[in-house]
Amino acid sequence: MRILIADDDNLSRESIAKFVRKNLHHKVDEADSGLTAWDKYQSNPYPLVISDIRMPGMGGLELLAKINNSENSKHTKVVMITGFGELQSSIQALRLNAFDYLEKPIDVNELANVIQRIENLIQ
């Protein structure tokens, strides 16, 4: 499965990408901002987007809303991640149909389980 990871925190994004590539054997593209992620998504939609909520420019919730309003939305699951466990943003993400919401530091077992659930849904 092709996965897009959007996070302005390079260490976080690269760590998640490395784990997913090495242990789960998926193709991963990275974006260091919501705008870059949206550009990549528009040119070649992904079945899974993992996005940080707080990013400069376009944040993850805005990216999620744009994906939801795109013609490919029914073929994409979005998992939101955040380093700030804010109840309001988690509620907003779920109202915008995020598939799941994970807090940093990301528990790789939890991430693997979420990705497995998504794989089972799209097969």
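How many helices and strands does the protein have? The protein has 5 helices and 5 strands. Helices (H or I, at least four residues) and strands (E, at least two) are DSSP runs, numbered from the N terminus. This is a predicted model, in which local features need pLDDT of at least 70 and side-chain atom pairs count only at pLDDT 80 or more, while totals for chains, interfaces and linings use all residues. Residues are numbered from 1 along each chain as its sequence is written, and side-chain values use heavy atoms, with hydrogens and water left out.

**Figure 1. The whole protein.** Along the sequence, helices and strands follow the pattern β-α-β-α-β-α-β-α-β-α. The C-alpha atoms fill a box of roughly 30 × 30 × 25 Å, taken along the principal axes. The radius of gyration is 13 Å, which agrees with the value near 14 Å for a compact globule of 123 residues. This radius is taken over C-alpha atoms, and the globule rule is 2.2 Å times the number of residues to the power 0.38. Of the 123 residues, 46% count as buried. Buried means under 20% relative accessible area, exposed means over 50%, and partly exposed lies in between (1.4 Å probe, protein chains only). The protein exposes about 6500 Å², and carbon and sulfur atoms supply 47% of this area. Accessible areas come from the Shrake-Rupley method with a 1.4 Å probe; for residues, only the protein chains shown count as cover. Among contacts (heavy atoms within 4.5 Å) between residues at least 6 apart in sequence, 62% join residues at least 24 apart.

**Figure 2. Helix α1 against helix α5.** Two packed helices are described by the angle between their axes and the distance between the axes. Here the axes of α1 (residues 10–24) and α5 (residues 108–122) come within 11 Å and cross at roughly 65°. Axes are lines fitted to C-alpha atoms, for helices over the stretch in contact, and angles run from 0 to 180 degrees between N-to-C directions. The crossing of α1 and α5 is right-handed. A crossing is right-handed if the near helix is turned clockwise from the far one by less than a right angle, and left-handed if anticlockwise. On the α1 side, Ile16, Phe19, Val20 and Leu24 take part; they meet Val108, Leu111, Ala112 and Ile115 of α5. By class, this contact has 8 nonpolar, no polar and no charged residues. Ala, Val, Leu, Ile, Met, Phe, Trp, Tyr, Cys and Pro count as nonpolar, Asp, Glu, Lys and Arg as charged, and the others, Gly among them, as polar.

**Figure 3. Serine 51, isoleucine 53 and glycine 60.** Serine 51 belongs to strand β3, isoleucine 53 to the loop between β3 (48–52) and α3 (60–68), and glycine 60 to helix α3. Serine 51 is buried, with a relative accessible area of 0%. Glycine 60 is buried, also at 0%, and isoleucine 53 is buried at 9%. Leaving aside neighbours within four places in sequence, glycine 60 is in contact with Ser51, Asp52, Ile53, Met55 and Met80. With neighbours up to four places away again not counted, serine 51 touches residues including Ala6, Leu63 and Val79. Under that rule, the contacts of isoleucine 53 include Thr82, Ser89 and Tyr101. The C-alpha atoms of glycine 60 and aspartate 7 are 8.6 Å apart, with their positions 53 residues apart along the chain counted as their separation. For isoleucine 53 and aspartate 8, 45 residues apart along the chain, the C-alpha separation is 9.9 Å.

**Figure 4. Histidine 75.** Histidine 75 sits in the loop between α3 and β4 (77–82). Leaving aside neighbours within four places in sequence, histidine 75 is in contact with Tyr46 and Pro47. Histidine 75 and isoleucine 122 are 47 residues apart in sequence, and their C-alpha atoms are 8.0 Å apart.

**Figure 5. Backbone angles in three loops.** Most residues other than glycine have a negative phi, and most peptide bonds are trans. Histidine 25, in the loop between α1 and β2 (27–31), has a positive phi of about 60°. Histidine 25 counts as exposed, at 63% relative accessibility. Asparagine 97, in the loop between α4 (87–95) and β5, has a phi near 70°. Asparagine 97 counts as exposed, at 60%. A cis peptide bond with omega of about -5° joins lysine 104 and proline 105. Proline 105 lies in the loop between β5 (100–103) and α5.
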